[in-house]
Amino acid sequence: MVTHDADQLATVPVPAPSAAVSAAVGTPSVAEAAALVGGGQLVVGKTVHGRVTVAVAADVDLRHHGDAEATPGLVDLAVNVRAGTPPAWLRTVLHDAVDASAAYPDARPARAAVAAAHGRDESEVLLTAGAAETFTLLARALTPRRAVVVHPSFTEPEAALRAAGHAVERLLLEPPSYLLRDVPEDADLVVLGNPTNPTSVLHPAAAVAALARPGRVLVVDEAFADTVPGEPGSLAGRTDLPGLLVVRSLTKTWGLAGLRVGYALGPADLVAALAAQQPHWPVSTPALAALVACSTPAARAEAAAAAHELTG
């Protein structure tokens, strides 16, 4: 058992200080400060159980990916891609794109294809080198006063925000249902997944939409949205919600984790701000070709059929 005196704990910044505790024992926090005094990140905030108050901090590698543990002989389930992909017709598209890669990438056809597929204006489409790039661009472009990431979820948004020097609060959903609950009213950046990885919970579209409001950027990671028949939880077509940015990926349905291809849909001014953080030609010619091919009506019908087969 390790003990800490009040003077030491009083120097530790905590998310939930208490004036009453400070008056009683000389430090605004005991449980959270004791958990954080040795470093790490708070994973369980101050929680009262009867007469006992606890908090838990841990050193968490937010960029750890299960691939690192996929030693020979093990089945790698970390990538979560559909079996048998990419299909033969998409392989042909990719091979042809490699042959055309002597020229610099032209993103215009892919941007137009994605916009048409979702009924959006082209100015509302951001093409990215993998959906995860969007989170880095957000961290570079925005200066949130209060950023909240809903967990359990993909850890890359939090990792990107922290790497850019932004403070991040975690909103932990309660098992076993992991129902979505209100976020702090003054949060000006909120990030969540839908469906959520790793819980597979699909939050109702109306519940997610209710989190949008003026002055807030609401980022919804829909990397798994097309694995659900009919995409009932998707907000990709919503242009009426202020500050909504929907992140999509070709990784799961089409088996393109190694190609790094994704996109985001949102207000034109926000898309422009994110694009300003990208280098020239951020998306490769094969990735752009995949975006065009996978946005056609035939490909979207194949994806829909795969989603029904997956859940059947």
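Modeller: Before we start, buried means under 20% relative accessible area, exposed means over 50%, and partly exposed is anything in between, with a 1.4 Å probe and protein chains only. This is a predicted model, so local features need pLDDT of at least 70 and side-chain atom pairs count only at pLDDT 80 or more, while totals for chains, interfaces and linings use all residues. Residues are numbered from 1 along each chain as its sequence is written, and side-chain values use heavy atoms, with hydrogens and water left out.

Colleague: Okay, big picture: how far apart do the C-alpha centres of domain 1 and domain 2 lie?

Modeller: The bounds come from an automatic or database domain assignment. Domain 1 covers 6–58 and domain 2 covers 88–311. Between their C-alpha centres the distance is 36 Å.

Colleague: What is the strand order in the open sheet of seven strands?

Modeller: Strands here are DSSP E runs of at least two residues, helices are H or I runs of at least four, and both are numbered from the N terminus. Two strands pair if DSSP finds at least two bridges between them. The edges are strand 3 and strand 5 (168–172), each pairing on one side only. With mixed pairing, the order reads 3-9-8-7-6-4-5.

Colleague: And by how much are neighbouring strands of this sheet turned against each other on average?

Modeller: Axes are lines fitted to C-alpha atoms, for helices over the stretch in contact, and angles run from 0 to 180 degrees between N-to-C directions. For this average, though, direction is ignored. The turn comes out at 20°.

Colleague: Which residue of strand 9 is the bridge partner of Arg248?

Modeller: Strand 8 (residues 244–249) runs antiparallel to strand 9, with four bridges joining them. One of the pairings puts Ser249 with Gly262. For Arg248, the partner is Tyr263.

Colleague: On the other neighbour, which residue of strand 8 does Val219 stand opposite?

Modeller: Here strand 7 (residues 217–221) and strand 8 run parallel, again joined by four bridges. Val219 faces Leu245.

Colleague: Which residues point the other way from strand 8, opposite to Leu244, Val246 and Arg248?

Modeller: Six of the six residues of strand 8 are buried, so the strand is largely enclosed by the rest of the structure. That takes in Leu244, Val246 and Arg248 on one side. Pointing the other way, and buried too, are Leu245, Val247 and Ser249.

Colleague: Edge strand next: which residue in strand 9 does Leu126 stand opposite?

Modeller: Strand 3 (residues 125–128) is covered on both faces, with Val125 and Leu127 buried on one side and Leu126 and Thr128 on the other. Strand 3 pairs with strand 9 (residues 262–265) in the antiparallel sense over four bridges. Opposite Leu126 stands Ala264.

Colleague: What angle does the direction of helix 5 make with that of strand 3?

Modeller: Contact means heavy atoms within 4.5 Å. Helix 5 (residues 108–118) packs on the sheet, touching strand 3, strand 8 and strand 9. Its buried residues, Ala110, Ala113, Val114, Ala115 and His118, also pack against helix 11 and helix 12 (297–311). With strand 3, the direction of helix 5 makes about 125°.

Colleague: Which helix gives the largest nonpolar core its largest share?

Modeller: A nonpolar core is a set of buried Ala, Val, Leu, Ile, Met, Phe, Trp, Tyr and Cys residues joined through side-chain atoms within 4.5 Å. This one has 43 residues, and Leu127, Leu250 and Leu291 touch the most other members. The largest share, six residues, comes from helix 11.

Colleague: Thr285 is in helix 11 as well; is it buried or exposed?

Modeller: Leaving aside neighbours within four places in sequence, Thr285 is in contact with Ala97, Ala100, Ser101, Ala103, Tyr104 and Pro105. Its relative accessibility is 17%, so Thr285 counts as buried.

Colleague: Last one, rings: what kind of aromatic pair do Trp89 and Trp254 form?

Modeller: Rings of Phe, Tyr and Trp (its six-membered ring) pair if their centres lie within 6.5 Å; planes under 30 degrees apart count as stacked, over 60 as edge-to-face, and the rest as tilted. Trp89 is in helix 4 and Trp254 in helix 9, 165 residues apart. Trp89 is partly exposed at 31%, whereas Trp254 is buried at 3%. With 5.4 Å centre to centre and 75° between the planes, the pair is edge-to-face.
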